[in-house]
Amino acid sequence: MRDQIIIAAFLILGAAFALFGLSMSWLLSPTRPTHGKGITYESGVDPIGLPWIRFRPGYFIYAILYVVFDIETVFLYPWAVSLGAQGTGWFILIEMVLFVVILLGGLFYAWKEGSLKWH
Amino acid sequence: MAMWLKALLFALVGIVVMLVNGAFIIYMLRKVLGHAHLRLGPTELGPAGLAQLIPDILKLLTKEDRHPNQTDKWLYCLAPIIVFVPSLTAFAFIPYGEKLVAANPNLGLLMMIAFLSVVPIGIFAAGWASRNKYALIGAMRSVGGAISYEIPLLLAALAPVMLSGSANLSDIVHAQAGGIWYILPCLPSAVIFFLCAQMETNQTPFDMAEAEGELVAGFSTEYSAMRFGFMYLSEFAGNFTMAALIATLFLGGWTLPGVDPATMGVFGPVVLVLKTYLVIFCFMMVRGNFSRYRVDQYAALGWKKLIPITLGWTLLLAVILKVLQMVGLWGGWS
C-alpha cells in the first residue's frame, strides 16, 4: 500500500501544483487580446487551411511492431530477474533464445518486405 | 492518515527538487552550450550570470498567456498538465540513499519508465490541440520517436536487471555497491541506454518534436507564458530523471566503490546528484557537438540498428552469465 499512496500523492500534488502555477500566471499576467494574437502561427502569413486533414503518419507499421516488441520486452523482465536464481539450468536460456529468434525473424521479415521504410 | 501526510511531504520535496533542478539545468545548458559554441552564455547578473534565473522565472510568470482562437480548448489547457504530472511522478522512484527513496516497488525500474513514457501522450495532445501544422508534425514525430526508442531503452535496461537479479532500483544499487559498477561489464547497454535517453527526452541530435530549423518550435509553437513554462520544466525534469536513472543503473547510484553503503548517510544524495550532473553534462556535450538527424534516419537507427544490436547483446550477456553461473562465479541466489 505504501508505494501506491506515495505515487497517488505525487499525482495529486503534481496536478495541484500545475493548476497553481497556471493560475498564478493568470493572476499576474496582462490580457490584451488583439485579432493578430488569436491567429494560428504560420511563419507570419495567414494560415492556409486547417491541419486536421487526412495525412500519412509514416510509421503506422512501426506502431504495430512496437506493440509486439513492447510485449516481448515485458516478458523479458521476469526472465531477466530469475536468470541467476538457484536451480535454473540451461533450459531458461534456450527457451528465451528461441522466443527472441522468432521475434527477430519477424523483424527481419518486416524489414525485407519494406515495412521499415519511412514514407 | 499519517501515511498520507508523509506521502504528501514526499511529493512536496519532489516538486522542490524538480524546480531547483529545472532552474539549474537551464543555467547549465546555457553555459555549457555557450562554451561549446565559443560563446560565454549569461554573464551579467550575479556571479557568472547565476542570478539570470530569477528574471527568467518572473518573465515566464508575467507574460501574457496567448490563447489562439482555433485550438481545441480543453485539450489545449490540459496538455501541459498531462506532460507535467508524470514527469514529476518519475522523481518518486529514484533512490537517493539507504532510506531516502519515496516509492520503492519491486518493479521500480519498469514503473519509472512507464511514467516517463506517458509524457509523449501529453506532447501529442499539445500538438493536436494547437491546430497548427508545425505543432501537429512535431507531435507526430514525437510519438514516432517514442515508439522507436522505447524498446531499445527497455532492452538496454535489462542488463543491470540480469546482473543484479532484481528490477528494484535500490537492489540494483546495493548489488553494485558490493561488486563493480555495471557500466564496466555492460558498456554496450550503457551506451545504448544513453542514446535512447537522449531521444526520449527530445534532445538535439534527436529532437524531432521541436526541430527549430524545420518546425518553428514543434509541439509547443502555440504555447506561451506558464503553459510553455510547464512544458519546458517537464523537459528538464525528464533530463534529470533519465540521467539519474543512468547513474543508478550503470554508475552505482548513491554509493561509492570501496565505501560501506551503511556509512554513506547524507553523502548519498550528494554523490547521486554529482553523478547525475556528470551524465547531464555528457548529454549537453552531445547536444552541442552533433548535428540533427533526419527524421527517416532517426526511425531507421532505432529499428534497424539499435533493436537487433541490443537483443543480440542481451542474449550474449545471458549466455556469458549462465556459463559463469555454471562455474559458480555468479548468481545462485534463491
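This is a short tutorial dialogue on reading a predicted model with two chains, A and B.

User: Let's start with the fold. How many helices and strands does chain B have?

Analyst: Keep in mind that we're looking at a predicted model. For the fold, count the elements, then read their order along the sequence. Chain B has 13 helices and 0 strands, so its pattern is simply α-α-α-α-α-α-α-α-α-α-α-α-α.

User: And what does the radius of gyration say about chain B?

Analyst: The idea is to set the value beside what the globule rule gives for that length. Chain B has 334 residues and a radius of gyration of 21 Å, close to the rule's 20 Å, so it is as compact as a globular protein of that length. Its C-alpha atoms fill a box of roughly 70 × 50 × 45 Å along the principal axes.

User: What do burial and contacts add for chain B?

Analyst: Burial first: 60% of the 334 residues in chain B are buried, taking buried as under 20% relative accessible area. Then look at how far apart in sequence the contacting residues sit. Among chain B contacts with a separation of 6 or more, 76% join residues 24 or more positions apart.

User: Now chain A. What is its pattern, and how does its radius of gyration sit against a compact globule?

Analyst: Same reading, another chain. Chain A has 4 helices and 0 strands, giving α-α-α-α along the sequence. A compact globule of 119 residues would come out near 14 Å, but chain A has 25 Å. The box for its C-alpha atoms is roughly 70 × 50 × 15 Å.

User: What share of chain A is buried, and what share of its contacts is long in sequence?

Analyst: Buried residues make up 37% of the 119 in chain A. Of its contacts with a separation of 6 or more, 57% are between residues 24 or more positions apart.

User: Where do I look to see how the two chains meet?

Analyst: Start with the residues in contact, then the area buried. Here 70 residues of chain A touch 87 residues of chain B. The two chains bury about 7,300 Å² between them, and 75% of that is on carbon and sulfur atoms. On the chain A side, A:F10, A:W52 and A:Y77 lose the most area to chain B, together 12% of what that side buries.

User: What about the surface and the charges?

Analyst: For the surface, ask which atoms supply it. Chain B exposes about 12,900 Å², with 72% from carbon and sulfur atoms. Chain A has an accessible surface of about 7,400 Å², and 73% belongs to carbon and sulfur. For charges, count each sign and check how far apart the two centres lie. Chain B carries 20 positive and 17 negative side chains, with centres 3 Å apart. Chain A carries 7 positive and 7 negative ones, with centres 12 Å apart.

User: Last one: which residues other than glycine have a positive phi, for example in the loop after α1 of chain B?

Analyst: When you spot one, check where it sits and whether it's covered. B:L38 has a phi near 60 degrees and is found in the loop between α1 (2-36) and α2 (53-62). With a relative accessible area of 80%, B:L38 is exposed.

User: And B:R131: what is its phi, and is it buried, partly exposed or exposed?

Analyst: B:R131 isn't a glycine either, yet its phi is positive at about 55 degrees. B:R131 lies in the loop between α5 (119-129) and α6 (133-156) of chain B. At 21% relative accessibility, B:R131 counts as partly exposed, since buried means under 20%.

Methods
Residues numbered from 1 in each chain as written. Chains lettered and ligands numbered in written order. Heavy atoms only, no water. Rg over C-alpha atoms; globule rule 2.2 N^0.38 Å. Buried < 20%, exposed > 50% of the residue type's maximum accessible area, 1.4 Å probe, protein only. Contact = heavy atoms within 4.5 Å. Areas by Shrake-Rupley, 256 points an atom, 1.4 Å probe, with all protein chains shown as cover. Lys, Arg positive; Asp, Glu negative; His and termini not counted. Charge placed at Lys NZ, Arg CZ, Asp CG, Glu CD. Buried area = accessible area lost by both parts, 1.4 Å probe.
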